[in-house]
Amino acid sequence: MAEYKHSVALDIEKCKGCTTCLKRCPTEAIRIRNGHAEINSMRCIDCGECIRLCPYKAKKAISDKLDSIKNYKYKIALPPPSLYGQFDGLEDVDYVLQGLLDIGFDDVFEVARAAELVSGYTRHFLNNPGIKKPVISSACPVIVRLISLRFPFLCENVMPLLPPMEIAGMLAKKQAMEKHPELKESDIATCFISPCPAKVSYVKNNFSQTTYVDCIVSMNEVFFPLLAAMKKIKNPQPVSRSGIIGISWASTGGEASAIFNDKYLAADGIENVMKVLDNIDNGSFPELEFIELNACHGGCVGGVLTVENPYIAKARLQTLRRYLPVSQNWNYNKDKDNKYVPDDYKIPNELQYCPVSQLAENTNEAIKKMADIQKVLERLPGIDCGSCGSPNCQAFAYDVVKGEADENECIVKMRERIKELLAEEKEREKTESVGGQKTE
Amino acid sequence: MSEPLRFHFDVDGSNFTSAGEASIQIKQKLRQLGFAPDIIKRVAISMYEGEINMVIHAGGGTADVYVLPETIKIVLEDHGPGIADVELAMQEGFSTAPDSVRSLGFGAGMGLPNMKRYTDNMIIETELGKGTKITMTVNVPRQ
């Protein structure tokens, strides 16, 4: 595999080397070395937790600038439904869409529309006999990467359907070429307005082989220019075609409830998600059809690049979707095959398991190393203070055996050694002074 | 390889919600050791079932896992009531679990049969009123 392009980065100048991110990273991907944090790119899943937590704002999300597509003839904005929850007193989605046109986009394609289609085909997919259940949603890129790194047996459960962002990009390009036959595909650029860094990683690392998204900008960067543009609008064009289902995708439970079946589970927050995955992996679960997992609390509205509190955003979306039709994009056709999923909606390759935590290639050697780790661990205080730069004593023992840390860096052990040395020193002084008296 | 790697767990019998935690930890360890996913799954499931059994019937106990490159041995030991009729207990669907546990979805009578199914060898030593010791081994095929 080519090197993984992360979208979480560190500003060394601002990092004080405190242990906040170290201790809260769900995959233990961070170490404090030489006074600042270091992210292990093999382990990082781009969940954005460290960006959220850093008291010094030293963690940043990498995304594209709007300028990066200015040379394209036809620029299409792909706003996700979570964007609609960012604005206070928004009466209609059309204000947001018109605002996007006013800040320089030539066209807009709502990701919520694509989400309704994905929901429809998810229902179809679930009707197929022989698929491994529960089917796990593929919409949150953090979850997809987490499963590929840690859950070999769940790779098959991940739904092989492209996420709404990609479908929106695909349909937007198609629609643009129909509307403007003079355009070539290379003239068109789609731009997703992202609530999280993980979506950036998804596109930059080709999670789905080919991508229909050319540019990803951060939601909090677009927010202010968009807000300014929206304030000027008197009567927007009525262009929104999102229904209740599409808008509900922005928060946890929206995607799962759209399968129209009560055998689903929807969980959010990376720590809860990991527990759910462990339980499914152990088989200790009720029979379920579908599982929606979101790394962020509240779902996409909880993304680290959003502006508003996730629960407030969710409440706003409830108001916004109130008088909308259930779905405005899915054509339910009774005669049609209810198992059918079009090929261009599918992810071409099955999710591959790529383990990261393996101690050594060879089991014999790994067992030896693990035994060494246990020995080191027995000598450590077990208070998980993080002062050594590893998140806990277990991880520190691992780092010591791997040769990446020195056991003497343990502050508690160092204090004990200092005490011992002081006692020795005192003892020596005593005997010396006693000896000195004798010679006098 | 001379000495096996040993992992020891105390399975808390008073806390039903924590049942299954040792199995999750073992899964992580075996993953770090680079065992094949299907071996890890077999060990994790049989250990999980055993853990649940100890919590439901015996008020907890201990779990020890011995890891060698070619075999993984799981020893579960408790000081519970013992198993009155091992043959009956091994039948699928036979269960003496109380209703309170069944309402949580446990006690389907599949614990011991699953442990046997997922391991290559299982030995049950049990004495009424004294306790039960179950030794399971999973052989690791050469790659």
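Here are some notes on the predicted model above, covering the contact of its chains A and B, a sheet in chain A and a few salt bridges.

1. A good place to start is the contact between the two chains. Chain B brings 23 residues to it and chain A brings 22 residues. Together they bury about 2100 Å², with carbon and sulfur atoms giving 59% of that area. On the chain B side, the residues that lose the most area to chain A are B:Arg31, B:Gln32 and B:Leu33, which together make up 31% of what that side buries.

2. Next come the polar links across this interface. There are 2 salt bridges between chain B and chain A. In one of them, B:Lys27 pairs with A:Asp278, and the closest N and O atoms lie 3.7 Å apart. The count of residue pairs in polar contact between the chains is 4, taking pairs with both residues at pLDDT 80 or more.

3. Which elements of chain B supply at least two residues each to the side that touches chain A? They are strand E1 (5–12), helix H1 (21–33) and helix H2 (37–58) of chain B. H1(B) gives the most, with 7 residues. Sorted by class, this side of chain B has 13 nonpolar, 6 charged and 4 polar residues.

4. Turning to chain A, do take a look at the open sheet of 3 strands, which runs in the order E7-E11-E10 with parallel pairing. Strand E7 (135–136) and strand E10 (264–268) of chain A are the edge strands, each pairing on one side only. Between E10(A) and strand E11 (residues 290–294) of chain A there are 5 bridges in the parallel sense. To find this pairing on screen, try A:Leu265, whose bridge partner in E11(A) is A:Ile291.

5. Helix H12 (residues 270–282) of chain A packs on that sheet and touches E7, E10 and E11 of chain A. The direction of H12(A) makes about 140° with that of E10(A). By residue number, A:Asp278, the partner of B:Lys27 in the salt bridge of point 2, falls within the range of this helix, 270–282.

6. Finally, the salt bridges as a whole: over all chains, the count comes to 24. One to inspect is A:Asp64 with A:Lys204, at 3.0 Å from N to O. What parts of the chain does this pair link? A:Asp64 sits in the loop between strand E4 (59–61) and strand E5 (74–78) of chain A, while A:Lys204 belongs to helix H8 (residues 197–204) of chain A. These are distant parts of the chain, with the two residues 140 residues apart.

Technical notes: Residues numbered from 1 in each chain as written. Chains lettered and ligands numbered in written order. Predicted model: local features only at pLDDT ≥ 70, side-chain atom pairs only at ≥ 80, totals over all residues. Heavy atoms only, no water. Contact = heavy atoms within 4.5 Å. Buried area = accessible area lost by both parts, 1.4 Å probe. Salt bridge = Lys/Arg side-chain N within 4 Å of Asp/Glu carboxyl O. Polar contact = N/O pair within 3.5 Å; in protein donor to acceptor, adjacent residues only side chain to side chain. Helix = DSSP H or I, 4+ residues; strand = E, 2+ residues; numbered from the N terminus. Nonpolar A, V, L, I, M, F, W, Y, C, P; charged D, E, K, R; others polar. Pairing = 2+ DSSP bridges. Axes fitted to C-alpha atoms, helices over the stretch in contact; angles between N-to-C directions.
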